[in-house]
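Biologist: Hi! Could you walk me through this structure in plain words?

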Amino acid sequence: MNENHGCSCAQQLAQGFAKQALDCGQGEIYQTSLMSALLDGVYEGDITIAELLKHGNFGLGTFNHLDGELIAFDREVHQLRADGSARAASLQQRTPFAVVTFFQPSVTLKIEKPICKADLHRCIDQQVASPNLFCALRVDGLFSHVETRTVPRQERPYKPMLEAIEAQPTFAFQQRSGTLVGFRSPDYMQGISVAGYHEHFITDDRIGGGHVLDYQLDHGRLQFGVIARLNLQLPHDADFLCADLCPEDLDCAIRSAEG
Ligand code: ZN
């Protein structure tokens with residue numbers, strides 16, 4: 001790792017690489033529904049937060065009716081809503097799309113210099129042996145800035161996600177401590193999940209955050225681990241059965257919706 005990137009991973013690189021090879025395959029990602037279903041307006045799922053927690057207490061997603069962003073870690077599940085409010089999610093709430101795991105980081109790095117989103121991702125990419133496996137990542141620290149969005153609650157008849165988020169509120173946080181939870185998915189997963197990095201953020205006072213658009217970390221701790229197993233739970237309600245899950249513009253639509 002180049003020192004200019006502000007990441008202190010140089011010495012650990014070789015060590016981390018070897019460790020990844022050993023550690024991958026231990027954890028499992030549990031996912032409900034598909035990103036393409038969410039894009040097509042499948043906004044109601046049967047899986048409760050209580051059920052989700054049986055499969056993982058670390059991850060991200062959304063809530064039924066597309067009612068805000070979900071972030072989970074340390075057994076906390078939070079709902080970040082479009083009106084800027086945040087609250088602890090109840091065990092009875094349901095999700096139409098969520099990705100969780102029991103986080104088992106195999107690499108922990110102290111970040112002592114400011115690092116932008118792209119360089120932090122590069123730091124992980126350089127240490128993970130292949131782009132063809134999943135990574136779960138967590139960043140705790142002081143962020144110079146974080147830009148997020150949250151999705152606005154929808155009612156039937158549901159609009160496709162790109163239309164639903166046209167009026168999505170964005171939030172800018174400056175010099176805020178917080179936690180970022182994310183996954184890196186292989187490119188071949190586009191549509192099933194989000195290819196590349198997908199990250200959610202919450203402030204340490206738990207009152208703000210959302211789906212991450214951009215950030216710069218001032219200093220903090222980066223943890224990540226490779227995951228080689230996916231448990232995909234598909235819905236079988238009428239909305240899902242009738243959804244168009246393979247539209248021609250899928251890649252472009254996901255980049256617009258999740259970028
Ligand atoms: Zn998101």
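Modeller: Sure, with one term to begin: donors are N, O and S atoms within 2.8 Å of the metal (3.2 Å for Na, K and Ca), and water is not among the atoms, so sites may look incomplete. Also, this is a predicted model, where local features need pLDDT of at least 70, side-chain atom pairs count only at pLDDT 80 or more, and totals for chains, interfaces and linings use all residues. Residues are numbered from 1 along each chain as its sequence is written, and side-chain values use heavy atoms, leaving out hydrogens and water.

Biologist: Got it. Which protein donors does the zinc ion have?

Modeller: They are His 198 (NE2), His 200 (NE2) and His 211 (ND1), at 2.0 to 2.1 Å from the zinc ion. Along the chain, these donors follow the spacing H-x1-H-x10-H. His 200 lies in strand 13 (residues 196–203) and His 211 in strand 14 (residues 209–227), so this pair ties together parts 11 residues apart in sequence. Strands here are DSSP runs of E with at least two residues, helices are runs of H or I with at least four, and both are numbered from the N terminus.

Biologist: Are His 200 and His 211 buried or exposed?

Modeller: Both His 200 and His 211 are buried. Buried means under 20% relative accessible area, exposed means over 50%, and partly exposed is in between (1.4 Å probe, protein chains only).

Biologist: What about His 236, buried or exposed?

Modeller: His 236 has 63% relative accessibility, so it counts as exposed. You'll find His 236 in the loop between strand 15 (230–233) and helix 6 (238–242).

Biologist: New topic! How many aromatic pairs are there?

Modeller: The structure holds six aromatic pairs. Rings of Phe, Tyr and Trp (its six-membered ring) pair if their centres lie within 6.5 Å; planes under 30 degrees apart count as stacked, over 60 as edge-to-face and the rest as tilted. One of the pairs is Tyr 43 with Tyr 158: the ring centres are 5.0 Å apart and the planes are at 70°, so this pair is edge-to-face. The two residues are 115 apart in the chain, with Tyr 43 in the loop between helix 2 (35–39) and strand 2 (47–48), and Tyr 158 in the loop between strand 11 (134–149) and helix 5 (161–164). Both Tyr 43 and Tyr 158 are buried.

Biologist: And why is the pair of Phe 173 and Phe 201 tilted?

Modeller: Their ring centres are 5.9 Å apart and the planes are at 55°, so the pair is tilted. Phe 173 lies in strand 12 (residues 170–185) and Phe 201 in strand 13, so the pair ties together parts 28 residues apart in sequence. Phe 173 is buried, with a relative accessible area of 10%, and Phe 201 counts as buried at 0%. Phe 143, Phe 173, Phe 201 and Tyr 215 form one aromatic cluster.

Biologist: Cool. What order do the strands of the open sheet have?

Modeller: The open sheet has seven strands in the order 6-5-4-3-8-1-15, with mixed pairing. Strand 6 (86–88) and strand 15 stand at the edges with a single partner strand each, so one side of each is left without a neighbour in the sheet. Two strands pair if DSSP finds at least two bridges between them. Strand 1 (residues 29–32) and strand 8 (residues 98–101) run antiparallel and are joined by three bridges.

Biologist: Which residue in strand 8 is the bridge partner of Tyr 30?

Modeller: The bridge partner of Tyr 30 is Val 100.
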